[in-house]
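Reader: I have a structure open and don't know how to read it. Can you walk me through?

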Amino acid sequence: MTLAITPSTATTAVPAVVGADLRVPLVTGERVTYANLDHAASAPCLREVRDAVDELLPWYASVHRGAGFASQVATRVYEQARDRVRKFVGAHASDTVVFTRNTTDSLNLLARSVPKGTAVVLFDSEHHAALLPWRGPNVQRIPAPSSSGAAIVALDRALTAAPVGPRLVIVTGASNVTGELWPVAELAKVARRHGARIALDAAQLAPHRPINARELGVDYVAFSGHKIYAPFGAGVLVGRADWLQQAQPYLVGGGATAKVTDHSDRLGVAWSAVPERHEAGSPNVVGVHALASACEILSRHWEQTVAHEQELLTRLREGLRAVPGFRELSILTDADKVGVVSFTISGFDAGFLAAALSAEYGIGVRDGAFCAHVVVGRLVKQAGSHEERAVRASIGLGTTAEHVDRLVAALRTLVTEGPKWTYAQRDGRWVAEDDGRTLPPFLA
Ligand SMILES: Cc1ncc(COP(=O)(O)O)c(C=O)c1O
């Protein structure tokens, strides 16, 4: 895996995000700078991505369909984005690049495209987007291993037992629960030895580390624009064209069709070739341009990005370890990780902590089971909690040392002194009582 970047001290500036100086209200009536520690859910827009979108907007016009000059420009932008993304993930020139809505859409498309009877092998720690499209008798779910070595052995064993015929392994690049990096290159080697293809869910890897599909030996890569600082509604599936070319489109309509003919009793449809075959409807050229621009911007800054995030991650973990009752969730205990830390604090409900961090400290974190119910349920139980919920703090380009320090200090205060406000549970969510925080004027 191309991850050999040595973190240097994070002195060089990383790309700036929109909303870095956003001020949010507290329940006390004060306003503070927002500490966004929820990058793993959706990352803020990069300023350069916004500039790229601004540049495109005057030229915005229909893609593929118009003879007008602006249409030709928009079509060129859309088609060029395929090469920009192909380069970002180090794909083969022959790989197809299908634009989708997000990683979920990409993985569902792949699931609908595999040949009938394909044996699918995956770990049960996958995000629901990667876990749920694959169910049924041909699917082997491997219980989440506790180390990278155990993952490789378990995959080897599962593939040895898999039936003859087409085989596909699904694996995440970085866990959305723990941020741990999976040994993708080694797993791909095992897959290849057993004649299996391998698909990489890169939703959490793509914002944090360079990806080279050829070097990794993966056949498909899926990720989302909104997690790589391009929140304009586009995602992508890159990979081998043959299965996708043989598959019926799972979304049908204009753009996916080469020719429709009326046979009076039925319609005859000749579907387009990939990638258009799986891109029915008007393409999201703004989203795709934003996604491709983000790919290029990230590619220019890996060294600074990795250094920045690793420095903050170390600061965060060291700070949190000193909070009484803190337990960090971990799947692959020997793995390096990107800036994601999920944890429980004994005696405190995760939802309460997240609500108080927002209401009293202006900090945004995630609480719950992070669309990975199976593994979070197991890890939380191992951490000694009865709730199937944890708190997740996630770092990205918009994170500062002050955000990290504020979170650590806030948790320490909440745990040792309790909240300064009252909270209640409504409809299963913790909320601040008498919450007078006002919404921004554009919502008034
Ligand atoms: C590892 C992983 N895979 C897939 C997804 C799904 O991404 P999206 O919601 O953009 O479809 C996520 C989202 O959190 C994720 O973290």
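**Reading the chain and its ligand**

Author: Start with burial. Buried residues make up 56% of the 444 residues in the chain. Keep in mind that this is a predicted model.

Reader: What does the secondary structure of the chain come to?

Author: Count helices and strands. Here there are 13 helices and 19 strands. Next, check the overall packing. The radius of gyration is 23 Å, close to the 22 Å that the globule rule gives for 444 residues, so the chain is as compact as a globular protein of that length. Along its principal axes, the C-alpha trace spans about 75 × 55 × 50 Å.

Reader: How do I read one helix, say H13?

Author: Compare its reach with the expected span. H13 covers residues 401-417, which is 17 residues. From first C-alpha to last it reaches 24 Å, close to the 24 Å expected at 1.5 Å a residue. Then look for its buried residues. Among them are His403, Arg406, Leu407, Leu411 and Val415. Just after H13, glycine 418 takes a positive phi of about 85°.

Reader: Which residues come nearest to the ligand?

Author: Look at the shell around it. Of 13 residues there, Thr104, Asp201, Ser224, His226 and Lys227 come nearest. The shell divides into two nonpolar, nine polar and two charged residues.

Reader: Which side chains have an N or O atom 2.6 Å from a nitrogen or oxygen atom of the ligand?

Author: Take the atoms pair by pair. For aspartate 201, the partner is a ligand nitrogen, at 2.6 Å. For serine 224, the partner is a ligand oxygen, also at 2.6 Å. Last, check cover. Taken alone, the ligand exposes 390 Å², and the protein buries 89% of that.

Notes
Residues are numbered from 1 along each chain as its sequence is written. This is a predicted model: local features need pLDDT of at least 70, side-chain atom pairs count only at pLDDT 80 or more; totals for chains, interfaces and linings use all residues. Side-chain values use heavy atoms; hydrogens and water are left out. A residue is near a molecule or strand if one of its heavy atoms lies within 4 Å of it. A polar contact is a pair of N or O atoms within 3.5 Å; within protein, one must be able to donate a hydrogen and the other to accept it, and residues adjacent in sequence count only if both atoms are side-chain atoms. Accessible areas come from the Shrake-Rupley method with a 1.4 Å probe; for residues, only the protein chains shown count as cover. Ala, Val, Leu, Ile, Met, Phe, Trp, Tyr, Cys and Pro count as nonpolar, Asp, Glu, Lys and Arg as charged, and the others, Gly among them, as polar. Helices (H or I, at least four residues) and strands (E, at least two) are DSSP runs, numbered from the N terminus. The expected span of a helix is 1.5 Å times one less than its number of residues. Buried means under 20% relative accessible area, exposed over 50%, partly exposed in between (1.4 Å probe, protein chains only). The radius of gyration is taken over C-alpha atoms; the globule rule is 2.2 Å times the number of residues to the power 0.38.
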